[in-house]
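Trainee: Could you take me slowly through one part of this protein, and then show me how the rest is arranged around that part? I would like to follow the strands and their partners one by one.

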Amino acid sequence: MAKTLYDKLWENHVVRQEEDGTALIYIDRHLVHEVTSPQAFEGLKLANRKAWRIESVVATVDHNTPTEGWAKAEGTACIDDEIARLQVDTLDSNIRANGALAYFPFKDVRQGIVHVVGPEQGATLPGMTVVCGDSHTSTHGAFAALAFGIGTSEVEHVLATQTLVSKKSKSMLIRVEGALGKGVGAKDIVLAIIGKIGTAGGTGYAIEFAGSAIRGLSMEGRMTICNMAIEAGARAGMVAADDTTINYVHGRPFAPKGSDWDKAVAYWRTLHSDDGAQFDKVVELDARTIQPQVTWGTSPEMVIGINEMIPDPAKEQDPVRREGMERALAYMGLNPNTPIAGVPVDKIFIGSCTNSRIEDLRQAAAIVRGRSVAANVKLALVVPGSGLVKRQAEEEGLDKIFKAAGFEWREPGCSMCLGMNADRLSPGERCASTSNRNFEGRQGPSGRTHLVSPIMAAAAAIAGRFVDVREVL
Ligand SMILES: CC(C)[C@H](C(=O)O)[C@@H](O)C(=O)O
Ligand code: SF4
């Protein structure tokens, strides 16, 4: 029978299947960061257990690390916030006590956001099951891997047994066909998808993204799409393996070598849905109709094209939705039936596991080159996803372009994506952000987040307000 990519990944990892659909699945790669691992390591210790296969663990610190001031003191002593420092130090002692395949501690050049670091190191490979105590683990599905976020108690379970109790999801195919317009990229595709199916649209499904527009994307672009599968309600998003996937993985530190490489590639070539495979749901989008997207509300589904008007709750029939829209507009300080283009911004954030890879920075820098951040913009931040992305960008001179324009060029980490460090919005501030979540207070109490692509964020920085990036290309 024709199988979906998801069927293949699932079946290859089932250790035991129960009658009621519950299954025990084997986990190949376990990514670990400082926020969701302390209790898991503690639980292991209390139960007097050892990790089952510690060589599956790749660990780094990202959420709590500051993005500046690294040189002011040795090691973690430069982290002013005591709780943040404790989190970073605790991961360090846990990994030193338990081991890992790889550990990129604070200030290591390979440190960064776990979802940037895994693929960059070749630790995320096609065909793997990849888990992390972090919802955006769906990112790794871009490699034709079954990747999803887990809770802290499951982190402990994976450490102890290398397995997880899980139930197979339903399957959804999202097919995006056609050529993307100028100035439209992966972030716009995924925001348009969420605008169409809603933040609950993918609930209960594993989503495969396919179609010519997806195949045409780089691995960076595919990661941006899978990263936000979770914002569409799905725990996992994935893309079939092809030459783009294989070329990206080739030569990375943890990628297979020699004859192992050839065997792996032969297997990876099977990681696609077979012709005629049946999905529980199919959604289609025409890439040619997608405009550069901007969110106007407090959920990623509250999104419009830059050429559109902020929607009017009065036109919404459903009273619950209407009330949600009214509340979102009040929080965001926006008026219905007015253009989103022209709305002034206070801060710019280019970063996060959605959009902090080298391609994102190159694209943003191309807009910024030779221009200046508008006077009304209080802070424009570029936070590379990892130390290696930062180094690569500096080799290409991108840092100079950003700094000359008035951007701050920071150290890697999650940063203003969620403000677990010092990088935050002040109440009422409006931010053009390349991250993935825009709920109330996400970037700081009463802060206002608009999710956009890196080039839309760059264009907003220069204009001091939201503009159609196609006008400045
Ligand atoms: C801190 C972590 C558990 C959380 C997540 O799981 O997504 C964070 O990364 C986020 O983006 O909100
Ligand atoms: S960059 Fe943001 S979304 Fe990604 S892991 Fe960090 S906090 Fe979560």
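**A strand of the middle domain and its surroundings**

Mentor: Let us begin with a single pair of residues in this predicted model: L173 stands opposite V282 in strand β12. The strand that pairs with β12 here is β9, and the two run parallel, with 6 bridges joining β9 to β12, which covers residues 281-286. Strand β9 itself, residues 170-177, also pairs with strand β10, residues 205-210, again in the parallel sense and over 6 bridges. On that side you can look for R175, whose bridge partner in β10 is A210. Between β9 and β10 the chain passes through helix α6, residues 186-197, and this β-α-β crossover is right-handed.

To place these strands in the whole chain, it helps to know the division into domains, which are domain 1 (5-167), domain 2 (170-240 + 267-289) and domain 3 (293-471). Notice that domain 2 is written as two stretches, 170-240 and 267-289.

Turning now to domain 1, which spans 5-167, you can start with strand β1, residues 14-17, which is joined by 3 bridges to strand β2, residues 22-26, with the two running antiparallel. Within this pair, R16 has L24 of β2 as its bridge partner. These two strands make a hairpin with 4 residues between them, and in its turn G21 has a positive phi of about 100°. Strand β2 has a further antiparallel pairing, with strand β8, residues 163-167, over 5 bridges, and there Y26 stands opposite T163 of β8.

There is also an open sheet of 5 strands, in the order β5-β4-β3-β6-β7, in which the pairing is parallel. Its edge strands are β5 (102-104) and β7 (146-149), each of which pairs on one side only. On average, neighbouring strands of this sheet are turned by 15° against each other, if direction is ignored. At the β7 end of the order, strand β6, residues 129-132, runs parallel to β7 and is joined to it by 4 bridges, and V130 finds its bridge partner in A147 of β7.

A second open sheet of 5 strands has the order β17-β16-β15-β18-β19, and its pairing is parallel as well. Its edges are β17 (408-409) and β19 (448-451), and because each has a single partner strand, one side of each is left without a neighbour in the sheet. The partner of β17 is strand β16, residues 379-382, and these two pair in the parallel sense over 2 bridges, with L381 standing opposite E408 in β17. Helix α15, residues 454-463, packs on this sheet, where it touches β15 (347-350), β16 and β18 (430-433), and the direction of the helix makes about 150° with that of β15.

With these pieces in view, you can ask how domain 1 and domain 3 meet. Their C-alpha centres lie 28 Å apart, and 21 residues of domain 1 are in contact with 21 residues of domain 3. On the side of domain 1 that touches domain 3, the largest share, 4 residues, comes from helix α4, residues 114-120. Sorted by class, that side of domain 1 has 7 nonpolar, 9 polar and 5 charged residues.

Finally, there are the ligands, and ligand 2 brings the two domains together in one picture. Domain 1 and domain 3 both give residues to the shell around ligand 2, so this ligand lies between them. That shell consists of 13 residues, and the closest are S352, C353, C414, C417 and L418. By class the shell of ligand 2 divides into 5 nonpolar, 6 polar and 2 charged residues. Ligand 1, in turn, is surrounded by V35, T36, H63, D134, S135, H136, G149 and L418, and the residues of its shell divide into 2 nonpolar, 5 polar and 1 charged. If you look for L418 in the structure, you will find that residue named among the closest to ligand 2 and also in the surroundings of ligand 1.

Notes
Residues are numbered from 1 along each chain as its sequence is written. Chains are lettered from A and ligands numbered from 1 in the order in which they are written. This is a predicted model: local features need pLDDT of at least 70, side-chain atom pairs count only at pLDDT 80 or more; totals for chains, interfaces and linings use all residues. A residue is near a molecule or strand if its C-beta atom, placed from the backbone, lies within 6 Å of it. Ala, Val, Leu, Ile, Met, Phe, Trp, Tyr, Cys and Pro count as nonpolar, Asp, Glu, Lys and Arg as charged, and the others, Gly among them, as polar. Domain bounds come from an automatic or database domain assignment. Two strands pair if DSSP finds at least two bridges between them. A crossover is right-handed if, with the strands pointing away from the viewer, the path from the first strand over the helix to the second runs clockwise. Two residues are in contact if their C-beta atoms, placed from the backbone, lie within 7 Å. Axes are lines fitted to C-alpha atoms, for helices over the stretch in contact, and angles run from 0 to 180 degrees between N-to-C directions.
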